[in-house]
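Let's take a walk through this model and see where its ligand ends up. Keep the 3D view open and turn it as you read.

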Amino acid sequence: MKAIGDAPGKIILLGEHFVVKGIPAIAFSINLRANAEVKVLNSGRHNGKPKVYTDLYGRVEKCLSRGKIHPYCTVLKLIGLAKGVMARIRSRIPPCAGLGSSSATSLALAGAACYARMGRIDKELVLKAALEADKYFHGKPSGIDTITSLVGGFILFRGINDYEKLNSGSTELRFIVVDTGLPKKTSKAVMKVLSLYNRRKRIMSKVYEAARELIDEAVHAIKRRDYASLGELMLVNQGLLNTIGVSFPEAESIIATAVNSGALGAKITGAGLGGSVIILAEEEKINRVVEAVRSRFSIKSYYVVKTDPRGLTVKARD
Ligand code: MEV
């Protein structure tokens, strides 16, 4: 049996890092997707280790030191396909850019593997397998990336079992994503923030409460389609991210340039210490903002991405 899974990348609009300690965050799925094709081989002749290929790294087991199991193979094992399976993963989501590439690929793989093995989707099992892979990539994931990719749309996330879709009417929202090309390391950033929290609990608990208030106000702004307020709240959130130590000089300069050329707001997205900056600008100002950023910084690339309501999709493949 063959199946194909397809899952979107995500943008964390507000609340990354704070969400790791239970503060709500807002994220949405984007129109850049990853897919995985899984084929269960006839038993007997093909009973060996799983063969997993990606368009980026080739056969994945080859990029690990000996003895380690690649998280994609762990996904397959958890789905019940420890042997006799072949998978091919392709992605249009830039890796290491804070756009949820690892969660989307793991989820697409888990969905396709589940369908290929059972002929149906067991949502709980798929989520469990994808989250397990996320632990490898993230260290201590809140689950926001995987849930946003699974469900799709605008998500107000409080935990894996506690999230809601925001009826924002904002499917048309577009964001400029500036990939600085400085690779981020999610697990390192998460550990750095948690360590600061533990050393400075009294101060940090106030910063985290500010993050909670900010999300409350942002939910209202999104529902009212008040994008000027949303942009301002992005900048306030950026200030908080700077306070907890995950901003970086290039991001601060890009954000200042974006705002000076007319953007409503901007901030880093995802783990920080590298990765991407997201910018919200009115439609007619997008080109001007992009030009201002491109002319001043040697960025790796930029994308104008749209919110996209579609989450994980899975289907049989002939
Ligand atoms: C990573 O995309 C987002 C973080 O908040 C970590 C997490 O929530 O798993 C930094």
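A quick bit of vocabulary before we start: a residue counts as near a molecule if one of its heavy atoms lies within 4 Å of that molecule. Keep in mind, too, that this is a predicted model.

With that in hand, look at the ligand. It has 14 residues around it, and His17, Val19, Pro141, Ser142 and Asp145 come nearest. How do some of these line up with the ligand's oxygen atoms? From His17, a backbone N or O atom lies 2.9 Å from a ligand oxygen. Ser142 uses its side chain instead, with an N or O atom 2.5 Å from an oxygen of the ligand. Asp145 has a side-chain N or O atom too, 3.0 Å from a ligand oxygen. On its own the ligand would expose 300 Å², and the protein buries 98% of that.

So where are we in the protein? The ligand sits in the largest pocket. Two elements, β1 (2-14) and α4 (144-151), each give two or more residues to the shell around the ligand. Sorted by class, that shell holds seven nonpolar, four polar and three charged residues.

Now zoom out to the pocket itself. The largest pocket has a volume of about 880 Å³. It is lined by 43 residues, and those closest to its centre are Cys96, Ser102, Phe137, His138 and Lys184. Which helix or strand gives the most to this lining? That's α3, with four residues. The lining as a whole divides into 21 nonpolar, 14 polar and eight charged residues.

Note on methods:
Residues are numbered from 1 along each chain as its sequence is written. This is a predicted model: local features need pLDDT of at least 70, side-chain atom pairs count only at pLDDT 80 or more; totals for chains, interfaces and linings use all residues. Side-chain values use heavy atoms; hydrogens and water are left out. A polar contact is a pair of N or O atoms within 3.5 Å; within protein, one must be able to donate a hydrogen and the other to accept it, and residues adjacent in sequence count only if both atoms are side-chain atoms. Accessible areas come from the Shrake-Rupley method with a 1.4 Å probe; for residues, only the protein chains shown count as cover. On a 1 Å grid over the protein atoms alone, a cavity is a set of points where a 1.4 Å probe fits but cannot get out, and a pocket is an open set with protein on both sides within 12 Å along at least five of seven lines; lining residues have an atom within 4 Å of a point. A molecule sits in a cavity or pocket if more than half of its atoms lie within 2 Å of its grid points. Ala, Val, Leu, Ile, Met, Phe, Trp, Tyr, Cys and Pro count as nonpolar, Asp, Glu, Lys and Arg as charged, and the others, Gly among them, as polar. Grid points are joined across faces, edges and corners, and a volume is the space filled by probe spheres set on the points.
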